[in-house]
Amino acid sequence: MELIFEKSRDGRHGVKLPDKDVPAEGRVPARLRREKDAELPSVSEPEVVRHFTNLSKMNFGVDSNFYPLGSCTMKYNPKFTEKIASSEHFADLHPLQPQLIMGGMLTQGALEIISNLEKLLCEITGMDVFTTHPMAGAHGELTGVMLMAAYHRHKGNAKKFILIPDSGHGTNPASAAIAGYRIKTVSSDSNGVMDLEEFRRKIDDEVAGVMLTCPNTLGVFNPHISEICDLTHEAGGLMYYDGANLNAIMGKVRPGDLGFDIVHLNLHKTFATPHGGGGPGAGPVGVKEYLEPFMPVSRVVRRKDGTFALDYDKPLSVGYISPFYGNFSVLVKAYAYIMLLGKEGLVEASENAVLNANYLKEKLKKDYEIPYDSNCLHEFVVSAAKQAEKGVKALDIAKALINEGIHPPTVYFPLIVKEAMMIEPTETESRETLDSFVDIMKNIARMAERDPGKFADFPANMPVKRPDEVKAARDMDLAFTGTEKGAGG
Amino acid sequence: MSYIPHSQKDREEMLREIGISSGNMDELFKGIPEDLRARSFSIPSGRSEYEVMEHLKELADRNTTGLVNFVGGGFYDHYIPAAVDALVSRSEFYTAYTPYQPEASQGTLQAIYEYQSCICRLTGMDVSNASLYDGGTALYEAAMLAIRATGRNKIIMDGGVNPIYRKMMYSYTSNLNIEFVDIPVTRDRDYREKIYAHLDAETAAVILQNPNFFGTIDDHTDISEKCHEKGALVISSVYPISLGILKTPREMDVDITTGEGQSLGIPLSFGGPYLGFMAAKKELARKMPGRIVGATRDAEGRRGFVLTLQTREQHIRREKASSNICSNEALCALRALIYMSLIGKEGLKKVARLCLDKTEYARERISGIRDVEVKKEWPTFNEFVVKLPRNPNEVIGKLINKGIAAGFPLGRYYSSMEDYLLIAVTEKRTKRDIAIFSDALEAALWS
C-alpha cells in the first residue's frame with residue numbers, strides 16, 4: 001500500500017483551521033526560524049480516513065482474530081470502558097490543574113478514581129499501598145527495582161545483585177540492569193520452576209532482591225515459593241513479583257500473602273485495557289507498608305474532610321518516575337472493568353482462563369511435545385522440536401497460523417524451551433474458537449509430517465510474506481526520504 | 001459476567017476433557033498448596049454496565065473542565081480534529097499487540113514507519129524510534145544513549161529544561177554513577193559561559209530545551225559547536241508545534257532530540273497516556289532505545305515493514321539491552337501521525353503562526369496592566385513569563401472562579417520566582433478569550 005507521503009499533493013488540506021482574529025503579529029528573528037518547511041503530507045480528510053482505515057485492515061486484533069499470544073493476555077477489551085475514558089471530563093483535564101490554588105478541588109473525581117483503583121489493586125494482590133504512576137509493565141519493574149535501591153540505601157545495605165530465573169521476561173534483567181544492579185541468573189529445574197538448590201547457592205547478603213513471575217512463563221506455579229521468600233528475606237533481600245501473569249490467579253492466590261514485597265501489574269493484560277498495537281499500557285506498583293515512604297511522588301491522599309489531595313512531601317521517595325499520575329485514561333478503563341466484574345467476575349475470569357489453557361494443552365499434547373507437562377495455569381508452552389526435525393520450525397508454524405487467520409502464540413520464548421510456542425488463550429474465547437484452533441494445529445502437525453516443504457508458502461493470503469529482516473537491519477531504511485515510491489527499494 | 005462465552009454445560013464438558021469430573025472449577029488450582037491460597041479477596045460485587053457508567057459519570061462530573069486554559073508548562077490545549085479520534089477507534093489498531101508478526105501487523109508497522117518519517121521531517125533528524133512513554137522519559141533515555149555512545153558519564157543540564165523532566169532525570173539515575181551539572185536559570189547570555197566552564201573530556205552531553213520552560217526561544221548552534229569540539233553530544237527537548245516555524249534541532253547540529261508529542265492530537269487526559277518521541281543522527285541508530293520499524297522487501301519483492309535492529313532490545317539482549325522498554329505508546333504515536341497527516345505541511349505552519357500571533361496579542365494586552373511586568377528581552381513562541389505585583393496564587397484563585405486557568409505559578413518549581421506566572425496561548429484561544437482573561441487579571445489585581 002502507498003505511503004501517506006506518496007498520496008501527498010501540494011495545496012491539499014485535511015483540517016480547516018480558524019482564521020487569525022488578533023491584530024498583533026508575533027515576530028521570530030530570521031536566525032531562529034527553520035529554513036525549509038517540515039515536509040508533512042498534504043492530503044484531504046477523506047484521503048486520510050481511507051488511508052488509515054485501509055491500513056487498519058492489514059492488522060490482526062482481538063476483535064477480529066484469535067490472538068493466543070503467551071504472556072500478553074490478549075483478552076477482549078470491553079467497549080463501554082472506551083466510551084467512559086473518552087468523556088471530556090477526563091480527556092480535557094489539564095494535569096497541572098491540581099497544582100493551581102483551588103485547582104485540586106476541580107479534579108476531585110479524577111483523584112478519587114486513582115485512590116479507589118489503588119485500594120482495589122491492594123486487595124487483589126494483598127499489598128498495602130499502590131502507585132499508579134508507572135506507564136507500562138517494564139516501567140513498573142524499573143520503579144520496583146528503584147524502590148529496592150532506595151530501601152537498601154536508606155538501610156545502609158551494600159547490595160549488588162538481582163537474582164532472576166532463566167525463564168523470566170527479558171524486561172526483568174533489563175530493568176534491573178538500568179537501575180544499576182548486576183544480574184545473576186538461576187536455572188530452571190526439571191519441573192520448569194526455579195532450581196531451589198541453585199537458588200540456595202546464589203542467594204547471599206549481596207543480593208538486593210529476587211524478581212519472579214508466579215505462575216512463571218511456562219504457566220507453572222512454584223511450590224517452593226514460601227521458602228524462596230523466606231530465604232531472600234533472611235539474606236536481607238526483597239521479593240519482586242512480575243504481575244504479567246496475574247490473570248491466572250485472581251482471588252486464588254495473592255502475591256502479598258506469599259511473601260512478595262513489591263509487585264507490578266499490567267492493566268493492559270489482566271484488566272482488559274487495550275494494547276493499542278504496542279501501547280499505551282499501565283504498570284501500577286504495589287508494596288508492603290514498610291516501603292511506602294519510598295514510593296514515587298505525588299501520592300493521592302484523603303484529607304479529614306473527605307476531599308482528595310496530592311502529597312509531594314516525601315523525603316525518602318524515589319522521586320518522579322512519571323510527569324504526573326501515570327497513564328490516567330488507562331487507569332479509568334481498568335477501574336471500570338474491575339467495578340463491572342467485581343469479586344465473582346474476577347475469580348471467574350481467572351478460572352476460565354486456566355480452564356481454557358488446560359483444555360488446549362490436553363488437546364494438543366498428542367501432536368506437540370509439551371516439555372513441562374504439569375498442571376498449567378493460564379498459559380503453557382509447547383515445543384515444535386518434533387516438527388523441527390522435519391524442517392518445520394516454530395516460526396513456520398506461526399506463519400501457517402497467520403494463513404488461517406490466527407495470531408500465532410509467542411514464539412522462541414521462554415528461552416529454556418527449544419522451538420517454544422507459548423500459548424495463552426484467555427477467558428474470553430469460546431469453546432468453538434478453541435476447538436477450531438486445535439483442529440488447525442493438528443492439521444499443521446500432519447502437514448509437517450507429510451509435506452514440510454509447503455510451509456515456505458505461508459502466509460499466502462496476507463499483504464506481505466516473510467519480509468526480509470536481515471535486509472531491514474542492514475539497509476536501515478527507517479524513514480521515508482523521497483516524495484514518490486521508493487521506500488524499501 | 002466477565003465477557004466469558006462458556007455456558008455451564010460447556011464448562012462441565014471441558015473440565016471432564018481434562019479429567020475433572022466434579023465440575024468444580026477450583027480443582028484447576030489444586031497444584032497450589034492450600035496454605036498459599038488468598039487470605040482475603042474483599043472486592044465489591046460486580047455491577048451492571050449501566051450502573052458502572054453512572055458511577056463513572058458521577059466521578060467525571062466532579063472534574064471541572066472547560067476552563068479557558070492559559071496553563072501550558074509543556075502540556076498544551078490544542079485542537080484535535082475529529083478524524084483523529086474516529087481513526088484510532090478502529091479496533092484493528094487498538095486491540096492489536098506489538099507487531100512481532102509482520103504479516104499480521106502491516107497496518108501498525110506501516111503507520112509506525114510513517115510516524116518515524118514525520119518525526120524526522122519535523123525535527124530534521126535522520127532516525128526516529130517508534131515512541132517512548134513521555135517527553136520526560138524520552139529525555140532520560142537520550143541521556144543514557146549519549147552515555148553509551150560516548151563512553152562518558154557527565155551530563156550538563158540547562159536550568160531551562162522542564163523542571164518535571166529534570167526531576168524525572170534525577171530520579172531515574174539516582175542509583176547510577178552519573179555526574180550531573182545543573183546550570184542555573186539566568187536571563188542573560190552568560191549561561192553559555194557557565195555551560196562551557198563545565199564542558200570537558202568527561203562530558204557525555206549537554207541537555208537543552210527549545211523553547212525552554214519559560215517559553216524563550218534560542219539558537220543553540222554555537223553550543224553544539226563547542227560540545228562537538230570536546231566530543232560531547234547535544235540533546236535538545238523540543239515542542240513539536242513550534243517546529244512549524246522554529247529552527248530545527250538538526251539545523252542547530254543537535255545530536256539527539258526528544259519531546260512530548262501530546263500537542264500532536266493527544267488529549268491532555270490528566271497526564272497520560274502521552275507520547276515521548278526521540279530522533280537522532282543516523283550514526284546513533286544502533287544504540288537507540290525502543291522499537292524501530294524499517295522498510296524492507298518480502299519474499300515476493302513487495303515492500304513491507306518489520307521491527308528492526310531488535311538485537312538492541314530486552315527480549316533478545318536481556319540485561320545488555322539498550323533500554324528495558326517493551327510496551328510503548330504506539331496508539332499515541334498513531335494519533336500523532338494522523339494529526340500530522342490531517343494538519344499537513346501548511347496546517348502546521350498555520351497553527352504555529354496562530355499560536356505566535358495570539359501570544360503576542362496576550363503579551364501586549366497584559367503588559368498594559370499596571371505594575372505587571374512582561375519579560376520582553378527574549379523572543380518567545382507561545383508561552384511567556386509575567387511578573388505580578390503580588391503572589392500569583394491569589395490571582396489564580398480569583399480567575400478560576402471566573403472559569404479561567406490563568407497560568408502556572410513559577411514559584412512552585414523556582415523559589416526565586418514566587419511572583420512570576422507562566423502563561424501559554426494556543427490556537428484555541430480567541431481574541432475574546434484573551435481580552436476577557438486580561439481584563440479579569442487586571443480586575444483581580446486592582447479592584
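Here are a few worked exercises on the predicted two-chain model above.

Residues count from 1 along each chain as its sequence is written, while chains are lettered from A and ligands numbered from 1 in the order in which they are written. Since we're dealing with a predicted model, local features need pLDDT of at least 70, side-chain atom pairs count only at pLDDT 80 or more, and totals for chains, interfaces and linings use all residues.

**Exercise 1. Confidence**

Task: work out what the mean pLDDT of chain A is, and where in chain A the pLDDT is below 50.

Solution:
- Start with the term: pLDDT is the predictor's confidence in each residue, from 0 to 100.
- Chain A has a mean pLDDT of 96, with 99% of its residues at 70 or more.
- The spot to flag is residues 484-489 of chain A, where pLDDT is below 50; in the model this stretch still has 13 contacts beyond near neighbours in sequence. (A contact here is two residues whose C-beta atoms, placed from the backbone, lie within 7 Å.)
- Chain B averages 96 too, and 99% of its residues score at least 70.
- For the complex, the predictor reports an ipTM of 0.97 and a pTM of 0.97.

**Exercise 2. The interface**

Task: find how many residues of chain B are in contact with chain A, and which helix of chain B gives the most to that side.

Solution:
- Count both sides: 169 residues of chain B are in contact with 180 residues of chain A.
- Now look for the top contributor in chain B: helix α11 (residues 330-367), with 25 residues. (Helices are DSSP runs of H or I with at least four residues, strands are runs of E with at least two, and both are numbered from the N terminus.)
- Sort chain B's side by class and you get 79 nonpolar, 50 polar and 40 charged residues. (Ala, Val, Leu, Ile, Met, Phe, Trp, Tyr, Cys and Pro count as nonpolar, Asp, Glu, Lys and Arg as charged, and the others, Gly among them, as polar.)

**Exercise 3. The sheet in chain A**

Task: give the strand order of the seven-stranded open sheet in chain A and say which strands stand at its edges.

Solution:
- Walk across the sheet: the order is β1-β7-β6-β5-β4-β2-β3 in chain A, with mixed pairing. (Strands pair if DSSP finds at least two bridges between them.)
- The edges are β1 (129-131) and β3 (182-186) of chain A; each has a single partner strand, so one side of each is left without a neighbour in the sheet.
- From one strand to the next, the twist averages 25 degrees. (Angles run from 0 to 180 degrees between N-to-C directions, and axes are lines fitted to C-alpha atoms, for helices over the stretch in contact.)
- Zoom in on β1(A): three bridges join this strand to β7 (residues 285-287) of chain A, and the two run antiparallel. Thr131(A) has Val285(A) as its bridge partner in β7(A).
- Helix α4 (residues 108-125) of chain A packs on the sheet, touching β1, β6 (262-265) and β7 of chain A, and its direction makes about 125 degrees with that of β1(A).

**Exercise 4. The sheet in chain B**

Task: do the edge analysis for chain B, then find which helix touches β6 and β7 of chain B.

Solution:
- Seven strands make an open sheet with mixed pairing, ordered β2-β8-β7-β6-β5-β3-β4 in chain B.
- At the edges stand β2 (127-128) and β4 (179-183) of chain B, each with a single partner strand, so one side of each lacks a neighbour in the sheet.
- Strands β6 (residues 233-238) and β7 (residues 256-260) of chain B run parallel, joined by four bridges. Val238(B) sits opposite Gly259(B) in β7(B).
- The helix you want is α6 (residues 135-150) of chain B, which packs on the sheet and touches β3 (154-158), β5, β6, β7 and β8 (276-280) of chain B; its direction makes about 165 degrees with that of β7(B).

**Exercise 5. Cis peptide bonds**

Task: say where Ser298(A) and Pro211(B) are found.

Solution:
- The bond from Val297(A) to Ser298(A) is cis, with omega near 0 degrees, and Ser298(A) is in the loop between β7 and β8 (299-302) of chain A.
- Asn210(B) and Pro211(B) are also joined by a cis peptide bond, with omega about -10 degrees. Pro211(B) falls in the loop between β5 (203-210) and α9 (221-229) of chain B.
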